[in-house]
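Please work through the exercises below with the sequence and the model side by side. Each one sets a task and then follows it with a solution in steps.

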Amino acid sequence: MTDQGVRRTVTRVPAQACDAASDSAGEVAPCGPGESSPGTAEGGVSAPASAASDAPSQPVPGRGAPLLGTAGEPVPDGPGEPSSDEPEAAALASPPTVSPAARRRAERRAERVTAGATELERRLADLLRGGLISAGQSGPALWEETAARMVDAQAPGLANRVRDLGALASAGVGADAPVRLLEECALLHLLAQAWLRRDRLPEQLAATVRSRVGLTASPEGPAIRDDWLVLAQYDTSDSRLITRRIWLHGTVSGRTALLLSYGAPGRAPDLTLPAGLAVDAELTPYPGAGQPRTALTGRFGAPAPTTVRPPGTTTSGALARYGAALRDDPWRESVPVTLDRVVPVPDGDGWQLADADEDQAVPVGAAARSRPGLWRLVALSGGAPVRVFGECGPRGFTPLAAWPQGPGEAVPLC
């Protein structure tokens with residue numbers, strides 16, 4: 001095993017993702033040196049909207065979101081997050097034929113979202129003129145009022161990001177708090193600008209922007225029938241909704257897919273697929289560049305135990321995947337990755353997953369370090385290499401399931 005003392009710190013992970021993605025794709029990935037990320041605000045930087053999938057000339061630390069225009073111009077993110085939008089919003093996506101009434105409703109809604117995005121740009125410009133230091137002193141009322149304005153504009157995706165920004169500003173702890181606040185402002189600015197210039201974006205990127213703003217869309221074919229290995233299942237919740245995320249891997253297609261299921265507070269979502277099982281099912285993808293989200297459109301048998309494991313990659317390969325994903329969707333919080341032959345080792349106050357065959361490592365995310373799943377992973381490894389599935393993002397790797405080096409079942413870590 002190579003020297004495990006070589007560490008990839010939080011600030012170095014995205015930079016390596018850029019380098020690896022550039023090597024594999026022959027172009028610069030939109031990453032900064034320095035999370036999901038789930039906005040900038042360096043004044044005077046402008047670029048055409050088509051540059052949303054290109055590398056920025058002055059990336060923001062952490063997420064590397066490029067800028068599209070300036071905040072004052074009236075022009076322009078565990079994977080598809082939920083929204084409460086009307087079905088007619090899908091009419092914005094073009095082709096299938098819709099009724100004139102539905103199209104008029106969709107156009108009116110687009111106008112409201114545009115007004116909301118323009119107002120948000122003005123508020124971000126005011127925030128930056130006043131200085132980020134004062135952002136946390138304004139209290140939660142300002143952020144909630146701004147989020148409510150985005151809800152009125154029927155842009156729940158923008159509203160959610162504003163709330164997240166407000167929570168980050170109110171917390172305001174840690175040496176990197178101003179940097180994180182700046183990068184989230186930049187990503188929010190980027191999303192508002194991308195919406196305002198959506199007619200100039202490639203269709204797949206435009207579909208991603210519509211989804212991030214909060215417009216619902218229907219799954220589009222072709223459907224994929226496969227024996228789907230259940231990699232992980234976990235729930236997140238807030239005061240309004242419980243979201244269940246289920247990661248699947250197609251044993252024939254090789255595709256990694258995400259199912260989302262929702263429940264009211266205090267009520268678990270209906271869909272349940274325990275990790276380690278396989279199910280013969282048909283999944284239909286949602287539109288959007290690099291979109292992992294799918295809909296379960298057919299099931300042809302009950303989930304059953306399996307010995308199949310997902311193929312793994314190296315830590316450098318994982319970073320390359322994250323960098324490539326940011327080119328398609330700069331608001332991606334993370335990408336699903338299976339790491340092969342990694343060893344969990346201490347890293348100061350935290351942990352990292354060190355590659356057994358390369359002089360590389362990725363840090364375990366801070367949230368994962370406080371969960372019992374990390375200790376299950378350490379016990380499973382016992383100092384030997386293991387295969388680990390999880391989500392790789394700018395603040396590290398979140399382990400969700402693991403397999404021993406020899407025969408053995410999947411061990412859920414979430």
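**Exercise 1: Two helix ends**

Leucine 196 has a relative accessible area of 14% and is buried. This is a predicted model, and the task is to place leucine 196 and then serine 381 in their helices and to decide whether serine 381 counts as buried or exposed.

Solution. Begin with leucine 196, which belongs to helix α5, a helix that runs over residues 177–196. Next, look across the chain to alanine 117, which lies 79 residues away from leucine 196 in sequence, although the C-alpha atoms of the two are 7.3 Å apart in space. Then turn to serine 381, which is part of helix α9, residues 372–381. Its relative accessibility is 7%, and since buried means under 20%, serine 381 counts as buried. Finally, when the neighbours within four places in sequence are set aside, serine 381 is in contact with Val343, Pro344 and Val386.

**Exercise 2: A pair of helices**

Determine how the axes of helix α2 and helix α3 are arranged, and which residues make the contact.

Solution. First locate the two helices, α2 at residues 100–130 and α3 at residues 140–152, whose axes come within 9 Å and cross at roughly 160°. Because angles over 145 degrees count as roughly antiparallel, α2 is roughly antiparallel to α3. On the side of α2, the contact is made by Gly116, Glu119, Leu120, Arg123 and Leu127, while α3 contributes Trp143, Glu145, Thr146, Arg149 and Met150. Sorted by class, this contact of α2 with α3 has 4 nonpolar, 2 polar and 4 charged residues.

**Exercise 3: A covered strand and its partners**

Describe how strand β2 is covered, and follow its pairing with β1 and with β3.

Solution. Strand β2 spans residues 242–250, and 9 of its 9 residues are buried. In a regular strand the side chains alternate between the two faces of the sheet. For β2, one side carries Ile242, Arg244, Ile246, Leu248 and Gly250, the other carries Thr243, Arg245, Trp247 and His249, and all of these are buried, which leaves both faces covered. Strand β1, residues 224–237, pairs with β2 in the antiparallel sense over 9 bridges, and the two form a hairpin with 4 residues between them. Within this pairing, alanine 232 has tryptophan 247 in β2 as its bridge partner. Strand β3, residues 256–263, also pairs with β2 in the antiparallel sense, here over 8 bridges, and isoleucine 242 has glycine 263 in β3 as its bridge partner. The hairpin of β2 and β3 has 5 residues between the strands, and in it glycine 254 takes a positive phi near 75°.

**Exercise 4: An open sheet**

Which strands stand at the edges of the open sheet of 6 strands, and which helix packs on that sheet?

Solution. Write down the order of the strands, which is β9-β8-β7-β10-β11-β12, with antiparallel pairing. The edges are therefore β9 (361–363) and β12 (411–412), each of which has a single partner strand, so that one side of each is left without a neighbour in the sheet. Helix α7, residues 315–328, packs on the sheet and touches β7, β8, β9 and β10, and its direction makes about 135° with that of β7. As a last step, take β7 (residues 335–347) and β10 (residues 386–393), which pair in the antiparallel sense over 6 bridges; here proline 336 stands opposite glutamate 391 in β10.

Conventions:
Residues are numbered from 1 along each chain as its sequence is written. This is a predicted model: local features need pLDDT of at least 70, side-chain atom pairs count only at pLDDT 80 or more; totals for chains, interfaces and linings use all residues. Side-chain values use heavy atoms; hydrogens and water are left out. Two strands pair if DSSP finds at least two bridges between them. Contact means heavy atoms within 4.5 Å. Axes are lines fitted to C-alpha atoms, for helices over the stretch in contact, and angles run from 0 to 180 degrees between N-to-C directions. Angles under 35 degrees count as roughly parallel, over 145 as roughly antiparallel, 65 to 115 as roughly perpendicular and the rest as oblique. Ala, Val, Leu, Ile, Met, Phe, Trp, Tyr, Cys and Pro count as nonpolar, Asp, Glu, Lys and Arg as charged, and the others, Gly among them, as polar. Buried means under 20% relative accessible area, exposed over 50%, partly exposed in between (1.4 Å probe, protein chains only).
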